[in-house]
Amino acid sequence: MSKRIIAVNAGPRVGWNTETLITGASKGAEAAGAVVERFNLFRLEKYTGCISCFGCKKEAFKGHCICRDGLTPVLDAIRESDGLIIGSPNYLGELTASFRALYERLIFQNLTYNLERPCCNERPVPVLLIMTSNAPDTEYLGLLRNYQQTLSRFVGPTEIFVSGNTLQLKDYSKTDWPWSMFDPEEKKKRRETVFPQECKRVYDQGMALVR
């Protein structure tokens with residue numbers, strides 16, 4: 001039976017950096033024989049982050065968020081999957097609010113507050129976490145490693161992938177004022193030379209997630 005991989009886009013922009021890398025990783029997983037189910041957090045019904053109801057701390061619901069909203073089918077799919085690909089752009093030094101909402105619900109449902117058994121997840125799911133940023137690749141590695149550690153502990157073994165100094169616009173000259181913080185030509189060059197290499201690397205990581 002084919003493995004089932006869930007791919008989650010926590011970024012709003014269609015066809016840009018984050019979605020392109022998630023798609024590349026998904027194609028790698030498919031090439032390794034997996035079936036990929038995709039979710040876009042910006043196109044779901046209304047949802048929130050964790051509301052701290054503690055329903056998941058009851059024996060009858062352990063490992064299951066009992067809050068029913070737009071994230072419920074995503075959480076259910078991840079729980080039954082064989083792997084998770086999730087990507088988000090960096091917004092103001094963090095991942096998107098949409099990512100955080102899913103992350104809170106994904107982690108907290110498995111957190112027991114029990115010293116002897118802090119995690120009730122009995123079915124670890126390997127994770128590939130992708131972040132894109134207009135800052136350099138190394139700028140937020142600490143942030144990503146913190147997520148990696150927590151996801152590894154409560155969801156499954158996690159690998160991270162960072163694409164930095166990304167191209168944000170096709171034509172920076174069409175903004176209402178100069179974005180003098182960036183060098184548009186440098187970003188375009190990187191998009192044409194480095195980004196295709198990153199797409200190949202993330203494709204390979206998608207394959208590795210399945211194998």
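I'll start with helix α1, where the buried residues are N17, T18, L21, I22, G24, A25, S26, G28 and A29. Keep in mind that this is a predicted model. Those buried residues of α1 pack against strands β1, β2 (35-40), β3, β5 and β6, and also against helix α5. As for length, α1 has 15 residues, and the distance from its first C-alpha to its last is 21 Å, close to the 21 Å expected at 1.5 Å a residue. After α1 comes G33, with a positive phi near 105 degrees.

Next, helix α5, one of the elements that the buried side of α1 packs against. What span should we expect for α5, and what does the model give? The helix covers residues 184-210, which is 27 residues, so at 1.5 Å a residue it should span 39 Å; the end C-alpha atoms are 37 Å apart, which agrees. There is a bend in α5 all the same, of about 40 degrees, at R191. At the start of the helix, D183 places a side-chain oxygen within 3.1 Å of the backbone nitrogen of E185.

Which residues of α5 are buried? They are K187, R190, F195, E198, V202, G206, M207, L209 and V210. You will notice charged side chains in that list, K187, R190 and E198 among them. The packing partners of the buried α5 residues are β1 (4-9), α1 (17-31), β3 (83-91), β5 (127-132) and β6 (158-163).

Let me take one of those residues, E198, which sits in α5. Why does E198 count as buried? Its relative accessibility is 1%, and the cut-off for buried is under 20%. The side chain of E198 has a polar contact, at 2.6 Å, with the side chain of R190, and R190 is itself on the buried list for α5. Leaving out residues up to four places away in sequence, E198 touches L21, D137, F161, V162, S163, G164 and R190. L21 in that set is one of the buried residues of α1.

D137 is the other residue from that set I want to show. Where is D137? It lies in the loop between β5 and α4 (141-154). D137 counts as partly exposed, because its relative accessibility is 32%, between the cut-offs of 20% and 50%. Not counting neighbours within four places in sequence, D137 is in contact with V162, S163, G164, N165, R190 and E198. Its side chain reaches the backbone nitrogen of G164 at 2.5 Å. For a sense of distance, D137 and S173 are 36 residues apart in sequence, and their C-alpha atoms are 25 Å apart in space.

Last, the empty space. How many cavities of 30 Å³ or more turn up in a search of the whole structure? The search finds two. The largest cavity has a volume of about 100 Å³. It is lined by 13 residues, and the closest to its centre are C50, C53, C56, C65 and F108.

The largest pocket holds about 340 Å³ of space. Of the 20 residues in its lining, R13, N17, P89, Y91 and Q168 are the closest to the centre. Both α1 and β3 supply at least two residues each to that lining. N17 brings us back to where I started, as one of the buried residues of α1.

Note on methods. Residues are numbered from 1 along each chain as its sequence is written. This is a predicted model: local features need pLDDT of at least 70, side-chain atom pairs count only at pLDDT 80 or more; totals for chains, interfaces and linings use all residues. Side-chain values use heavy atoms; hydrogens and water are left out. Helices (H or I, at least four residues) and strands (E, at least two) are DSSP runs, numbered from the N terminus. The expected span of a helix is 1.5 Å times one less than its number of residues. The bend at a residue is the angle between axes fitted to the seven residues ending there and the seven starting there. Buried means under 20% relative accessible area, exposed over 50%, partly exposed in between (1.4 Å probe, protein chains only). Contact means heavy atoms within 4.5 Å. A polar contact is a pair of N or O atoms within 3.5 Å; within protein, one must be able to donate a hydrogen and the other to accept it, and residues adjacent in sequence count only if both atoms are side-chain atoms. On a 1 Å grid over the protein atoms alone, a cavity is a set of points where a 1.4 Å probe fits but cannot get out, and a pocket is an open set with protein on both sides within 12 Å along at least five of seven lines; lining residues have an atom within 4 Å of a point. Grid points are joined across faces, edges and corners, and a volume is the space filled by probe spheres set on the points.
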